[in-house]
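Here are some notes on the structure shown below, meant for a colleague who has not seen it before. They are set out as numbered points.

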Amino acid sequence: MDVDVELFEPLKCRRPADGRVRLPDGARVSDLLAALGIGIDDVGVLMVNREDGRFDQELRDADRVTVIPLIGGG
């Protein structure tokens with residue numbers, strides 16, 4: 001299956017050129033993050049198809065996953 005990925009800085013450099021990642025059927029969000037080299041601890045906001053996502057959520061073909069990293073500051 002193919003999943004669309006939207007990543008925000010500083011994770012944007014891990015986004016594939018075409019914005020899609022091919023994963024085996026039954027893959028979960030955590031599998032997608034691992035394929036992109038993104039640690040769970042680096043994720044601040046996770047959305048699947050514009051709704052709150054979960055790391056253990058099973059993905060389907062053509063899902064859109066948005067990852068916004070943790071933002072630090074003071």
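1. Does Asp31 count as buried, partly exposed or exposed? Asp31 counts as partly exposed, because its relative accessibility is 38% and the partly exposed class lies between 20% and 50%. The residue belongs to helix H1, which covers residues 29-36. Asp31 can also be set against Asp56, which is 25 residues away along the chain. The C-alpha atoms of these two residues are 8.8 Å apart. The model is a predicted one, and the points that follow should be read with that in mind.

2. The overall make-up comes next. The protein chain contains one helix and five strands. Read from the N terminus, the order of elements is β-β-α-β-β-β. Two strands therefore precede the helix and three follow it.

3. On overall dimensions, the C-alpha atoms of the protein chain occupy a box of roughly 40 × 25 × 20 Å along the principal axes. The radius of gyration is 12 Å, which agrees with the value near 11 Å that a compact globule of 74 residues would have. Of the 74 residues in the protein chain, 35% are buried. The accessible surface comes to about 4700 Å², and carbon and sulfur atoms account for 46% of that surface.

4. Contacts and charges can be taken together. Among contacts between residues at least 6 apart in sequence, 55% join residues at least 24 apart. The side chains of the protein chain include 10 positive and 15 negative ones. The centres of the two charge sets are 3 Å apart.

5. In what order do the five strands lie in the sheet? The order is S2-S1-S5-S3-S4, in an open sheet with mixed pairing. Strand S2 (20-22) and strand S4 (51-52) are the edge strands, each pairing on one side only. As a general point, strands of a sheet pair through backbone hydrogen bonds, either parallel or antiparallel.

6. Strand S1 (residues 2-7) deserves a point of its own. Five of the six residues of S1 are buried, so the strand is largely enclosed by the rest of the structure. S1 pairs with S2 in the antiparallel sense, over three bridges. In that pairing, Val3 stands opposite Val21 of S2.

7. S1 also pairs with strand S5 (residues 64-69), here in the parallel sense and over four bridges. Two of the partners can be named: Val5 has Val65 as its bridge partner in S5, and Asp4 has Arg64.

8. S5 is joined to S3 as well. These two strands run antiparallel, and five bridges connect them. Val48 has Val65 as its bridge partner in S5. Val65 is thus a partner of Val5 and also of Val48.

9. S3 and S4 run antiparallel too, joined by two bridges. Met47 stands opposite Asp52 in S4. S3 and S4 form a hairpin with two residues between the strands.

10. Which residue in the hairpin of S3 and S4 takes a positive phi? The residue is Asn49, with phi near 55°. This is a positive value in a residue other than glycine. Asn49 is found in the loop between strand S3 (43-48) and S4. Asn49 counts as partly exposed because its relative accessibility is 38%.

11. Ala62 is another residue to check by eye. The phi of Ala62 is positive, at about 75°, although the residue is not a glycine. Ala62 is found in the loop between S4 and S5. With a relative accessible area of 44%, Ala62 is partly exposed.

12. The last point concerns a peptide bond. Which form does the bond from Glu9 to Pro10 take, cis or trans? The bond is cis, with omega near 0°. Pro10 has its place in the loop between S1 and S2.

Note on methods
Residues are numbered from 1 along each chain as its sequence is written. This is a predicted model: local features need pLDDT of at least 70, side-chain atom pairs count only at pLDDT 80 or more; totals for chains, interfaces and linings use all residues. Side-chain values use heavy atoms; hydrogens and water are left out. The radius of gyration is taken over C-alpha atoms; the globule rule is 2.2 Å times the number of residues to the power 0.38. Buried means under 20% relative accessible area, exposed over 50%, partly exposed in between (1.4 Å probe, protein chains only). Contact means heavy atoms within 4.5 Å. Accessible areas come from the Shrake-Rupley method with a 1.4 Å probe; for residues, only the protein chains shown count as cover. Lys and Arg count as positive and Asp and Glu as negative; His and the chain ends are not counted. The place of a charge is taken as NZ of Lys, CZ of Arg, CG of Asp or CD of Glu. Two strands pair if DSSP finds at least two bridges between them.
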